[in-house]
Amino acid sequence: MSSLGGRRVLLVVSGGIAAYKSVMLVRLLRRAGARVDVVMTSSAERMVGVATFEALTGRPVFTDLWTEPLAHIELGREADLAVVAPATANILARMAHGLADDMATSTLLAAACPILVCPAMNLRMWANPATRENMRTLRSNGVHVVGPEEGELAEGEEGPGRMSEPDDIFQVAARLLVGKSGLAGRKVVVTAGPTLAPLDPVRFVGNRSSGRMGIALAMAAWTRGAEVTLIAGPTSVQPPHGPKVVRVETSEDMGRALETELDDASVLIMAAAVSDFVVDHPSETKIKKAGAEGLELRLEPGPDLLAETRKQRASRGILTLGFALETDDPIGNAMKKLSAKGLDLIAVNEAGRPDRGVDAETNQVTLIDSEGVVVEFPLMQKTEVAERLLDHLEERLS
Ligand SMILES: Cc1cc2nc3c(=O)[nH]c(=O)nc-3n(C[C@H](O)[C@H](O)[C@H](O)COP(=O)(O)O)c2cc1C
């Protein structure tokens, strides 16, 4: 999770049934180090208790314009970002028309910071021409929007209107809060997860990569303002909200996706566990068990995506971070790979230990730079490793 230490978030909770999800959003913001001030409309107070938000933020919740007469001016002046979650059809209408008839709308009208709204309502309220027009006005006034998503609504109907999940809102908020970085506006391509080598139409040779490291890197780069494309093999980890996601299965698919995506890229991060071996002549029909006694598989080396992209990377000056997963002499082998594959940086992690490398939630990485710098990071969450690696990439870019 990115660090939002010192950032101030104003969370406006309006009276939608999704108000309970905003409790989780507060937890995510607080865990990342942000200070959160909550303002609730009177309808929101009927959905979730003030005490819940007070306990989670450790700060008073504001509901009434008259309790602290200047709070509506100060809160919006001090905040780095205002998030309206859930944003009812009613509050969106009031915001679009510049109303300031309660604590929530007065604070939003006086806010000097960017505003992010997270609409949540019944599908017909969302489709209503009045709401469409209000959304157009808000967008043209520079208000940021996340959601709504399609899915099951509180009343049992299906359609667009669900508030985005707290994790997704958090990521968008973090991107707005982190603001400009060395990666802002640059295209970063990240590969993640395993690739599969088909044996027949239903079976494959694969590996244990979960995609967590690549996904963490894609999210961290996106939060820093980069345009991110994540090229992901089959992973059980949910692809993130924000980056463009290109799904692939085989290393050949990944190679084709890379060729297209690298065209306008500034940075390439190769965190995928690309199959080193593919099956020689996979069967076009399902191999039958009967008569398969003594069946032998012939493997041959798979495509070398770092070699295949080398010319394109060099001609476009794409800063490239590769990964090496090693069991013996990790540093020595990684140094060889760094120069053999024309990489700018290589992150070495060890295979065969449950707390690091493929499939783990944590990782211990040593970063080697083509300029000779070697940095050994401690064992950390992969999200934290991603932040440290991006700090180095940004340094190289500058
Ligand atoms: C149980 C219940 C759930 C509601 N859920 C929503 C909702 O999800 N979205 C919405 O726009 N309005 C919803 N409403 C209607 C709003 O609460 C109503 O429009 C209210 O005036 C909103 O006020 P506010 O925007 O000041 O919070 C709901 C009402 C009730 C009684």
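Which residue in β17 is the bridge partner of Phe-323? In this predicted model, the partner turns out to be Ala-347. That pair belongs to a longer stretch of pairing, since strand β16 (residues 319-326) and β17 run parallel and are joined by 6 bridges. Strand β17 itself covers residues 345-350, and 5 of its 6 residues are buried, so the rest of the structure largely encloses it. As a rule for regular strands, side chains alternate between the two faces of the sheet.

Stepping back to the whole chain, the secondary structure adds up to 15 helices and 21 strands. The C-alpha trace spans about 80 × 55 × 40 Å along its principal axes. Of the 398 residues in the chain, 42% are buried. As for contacts with a separation of 6 or more, 69% of them link residues 24 or more positions apart.

Helix α8 (residues 129-140) makes a handy worked example. At 1.5 Å a residue, its 12 residues should span 16 Å, and the C-alpha atoms at its two ends are indeed 16 Å apart, so expectation and model agree. What about burial along α8: which of its residues are buried? They are Asn-134, Met-135 and Leu-138. Looking down the helix axis, these buried residues fall within an arc of 100°, so they line one face of α8. In general, an α-helix has 3.6 residues a turn, so residues three or four places apart point the same way. The cover over the buried residues of α8 includes α5 (89-96) and β4 (115-119). Over on the other side of α8, the exposed residues are Pro-129, Arg-132, Glu-133, Arg-136 and Ser-140. After α8 comes Gly-142, which has a positive phi, near 90°.

Helix α5 turns up again around the ligand. The shell there holds 15 residues, and those that come nearest are Ser-14, Gly-15, Gly-16, Thr-41 and Thr-88. Two elements, α2 (42-45) and α5, each give two or more residues to this shell. The largest share comes from α5, with 3 residues. What is the make-up of the shell in terms of nonpolar, polar and charged residues? It divides into 8 nonpolar and 7 polar residues, with no charged ones. Helix α5 thus has a place in two parts of this account: it is among the elements covering the buried residues of α8, and it supplies 3 residues to the shell around the ligand.

Conventions
Residues numbered from 1 in each chain as written. Predicted model: local features only at pLDDT ≥ 70, side-chain atom pairs only at ≥ 80, totals over all residues. Helix = DSSP H or I, 4+ residues; strand = E, 2+ residues; numbered from the N terminus. Expected span 1.5 Å × (residues − 1). Buried ≥ 20, exposed ≤ 12 C-beta atoms within 10 Å, placed from the backbone. Arc of directions from axis to C-beta. Contact = placed C-beta atoms within 7 Å. Near = placed C-beta within 6 Å. Nonpolar A, V, L, I, M, F, W, Y, C, P; charged D, E, K, R; others polar. Pairing = 2+ DSSP bridges.
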